[in-house]
Amino acid sequence: MRIDNVSAVVSGAGSGLGRATVAALSAGGACVFGLDIDVSNAPELDNVTYVKADVTKEDEVRRALGMATDTGPVRVVVNCAGIG
(Lines give C-alpha, C1' and ligand atoms only; values in the text may rest on other atoms or scores of the structure.)
Protein backbone atom coordinates (compact mmCIF):
# COMPACT_ATOMS: atom_id res chain seq x y z
CA MET A 1 0.00 0.00 0.00
CA ARG A 2 1.34 3.43 -0.91
CA ILE A 3 1.08 5.84 1.99
CA ASP A 4 3.35 8.63 0.83
CA ASN A 5 1.69 12.04 0.65
CA VAL A 6 -1.38 11.04 2.65
CA SER A 7 -2.35 11.87 6.21
CA ALA A 8 -2.50 9.19 8.88
CA VAL A 9 -4.05 9.45 12.33
CA VAL A 10 -2.88 7.20 15.16
CA SER A 11 -4.44 7.22 18.60
CA GLY A 12 -2.37 6.07 21.56
CA ALA A 13 0.69 7.45 19.76
CA GLY A 14 2.67 8.35 22.88
CA SER A 15 3.83 4.85 23.74
CA GLY A 16 3.87 1.15 22.91
CA LEU A 17 2.15 -0.09 19.78
CA GLY A 18 0.94 3.40 18.91
CA ARG A 19 4.47 4.80 19.02
CA ALA A 20 5.74 1.97 16.80
CA THR A 21 2.88 2.52 14.35
CA VAL A 22 3.66 6.24 14.13
CA ALA A 23 7.31 5.46 13.38
CA ALA A 24 6.42 2.92 10.67
CA LEU A 25 3.93 5.23 8.96
CA SER A 26 6.38 8.13 9.09
CA ALA A 27 9.12 5.97 7.57
CA GLY A 28 6.69 5.07 4.78
CA GLY A 29 6.19 8.71 3.87
CA ALA A 30 2.85 9.48 5.51
CA CYS A 31 2.16 12.75 7.28
CA VAL A 32 1.26 11.38 10.69
CA PHE A 33 -0.87 12.92 13.42
CA GLY A 34 -0.31 11.07 16.67
CA LEU A 35 -3.00 11.53 19.30
CA ASP A 36 -2.52 10.78 22.97
CA ILE A 37 -3.42 12.14 26.37
CA ASP A 38 0.29 12.59 27.11
CA VAL A 39 2.62 13.37 24.21
CA SER A 40 5.38 14.88 26.35
CA ASN A 41 7.72 11.89 25.90
CA ALA A 42 6.90 11.14 22.27
CA PRO A 43 9.98 11.02 20.05
CA GLU A 44 10.52 13.69 17.42
CA LEU A 45 10.15 12.11 14.00
CA ASP A 46 9.99 13.51 10.47
CA ASN A 47 6.46 14.16 9.22
CA VAL A 48 4.90 13.57 12.66
CA THR A 49 2.73 16.02 14.58
CA TYR A 50 1.69 14.96 18.05
CA VAL A 51 -1.65 16.22 19.27
CA LYS A 52 -2.67 16.16 22.91
CA ALA A 53 -6.12 14.60 22.70
CA ASP A 54 -8.37 12.33 24.73
CA VAL A 55 -10.13 9.98 22.31
CA THR A 56 -13.14 9.80 24.63
CA LYS A 57 -13.78 13.50 23.94
CA GLU A 58 -15.36 14.05 20.53
CA ASP A 59 -14.33 17.70 20.20
CA GLU A 60 -10.66 16.85 20.75
CA VAL A 61 -10.75 14.11 18.11
CA ARG A 62 -12.56 16.41 15.65
CA ARG A 63 -9.88 19.07 16.17
CA ALA A 64 -7.10 16.55 15.48
CA LEU A 65 -8.88 15.19 12.39
CA GLY A 66 -9.29 18.74 11.13
CA MET A 67 -5.56 19.27 11.45
CA ALA A 68 -4.88 16.05 9.55
CA THR A 69 -7.26 16.85 6.69
CA ASP A 70 -5.67 20.27 6.27
CA THR A 71 -2.41 18.58 5.20
CA GLY A 72 -3.85 15.93 2.85
CA PRO A 73 -6.45 13.24 2.50
CA VAL A 74 -6.76 11.03 5.58
CA ARG A 75 -6.28 7.51 4.22
CA VAL A 76 -4.99 5.73 7.31
CA VAL A 77 -6.52 5.63 10.80
CA VAL A 78 -5.14 3.33 13.49
CA ASN A 79 -6.54 3.03 17.01
CA CYS A 80 -3.98 1.98 19.63
CA ALA A 81 -5.48 3.97 22.51
CA GLY A 82 -6.45 2.08 25.62
CA ILE A 83 -5.64 1.40 29.21
CA GLY A 84 -4.91 -1.84 30.97
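**Exercise 1.** Determine whether Ser11 is buried or exposed, and describe the surroundings of its side chain.

*Solution.* Begin with accessibility: Ser11 has a relative accessible area of 7% and is therefore buried, where buried means under 20%, exposed over 50% and partly exposed in between, with a 1.4 Å probe and protein chains only. The model is a predicted one, in which local features need pLDDT of at least 70 and side-chain atom pairs count only at pLDDT 80 or more, while totals for chains, interfaces and linings use all residues. Residues are numbered from 1 along each chain as its sequence is written, and side-chain values use heavy atoms, with hydrogens and water left out.

Next, list the neighbours: leaving aside those within four places in sequence, Ser11 is in contact (heavy atoms within 4.5 Å) with Gly18, Leu35, Val55, Val78, Asn79, Cys80 and Ala81. Then look for polar contacts, that is, pairs of N or O atoms within 3.5 Å, of which, within protein, one must be able to donate a hydrogen and the other to accept it, residues adjacent in sequence counting only if both atoms are side-chain atoms. The side chains of Ser11 and Asn79 are joined by such a contact of 2.5 Å, and the side chain of Ser11 also reaches the backbone nitrogen of Ala81 at 3.5 Å.

**Exercise 2.** Place Ser11 in its strand, and work out which strands pair with E1.

*Solution.* Ser11 belongs to strand E1; strands (E, at least two residues) and helices (H or I, at least four) are DSSP runs numbered from the N terminus. Because 5 of the 5 residues of E1 are buried, this strand is largely enclosed by the rest of the structure. In a regular strand the side chains alternate between the two faces of the sheet. In E1, Ser7, Val9 and Ser11 are buried on one side, and Ala8 and Val10 on the other.

For the pairing, which requires that DSSP finds at least two bridges between two strands, E1 runs parallel to E2 (residues 31-36) with 5 bridges, and Val9 stands opposite Phe33 of E2. E1 likewise pairs in the parallel sense with E4 (residues 74-79) over 5 bridges, where Asn79 is the bridge partner of Ser11.

**Exercise 3.** Identify which residues Leu25 touches beyond four places in sequence.

*Solution.* With residues up to four places away not counted, Leu25 touches Ile3, Ala8, Val10, Ala30, Val32 and Val76.
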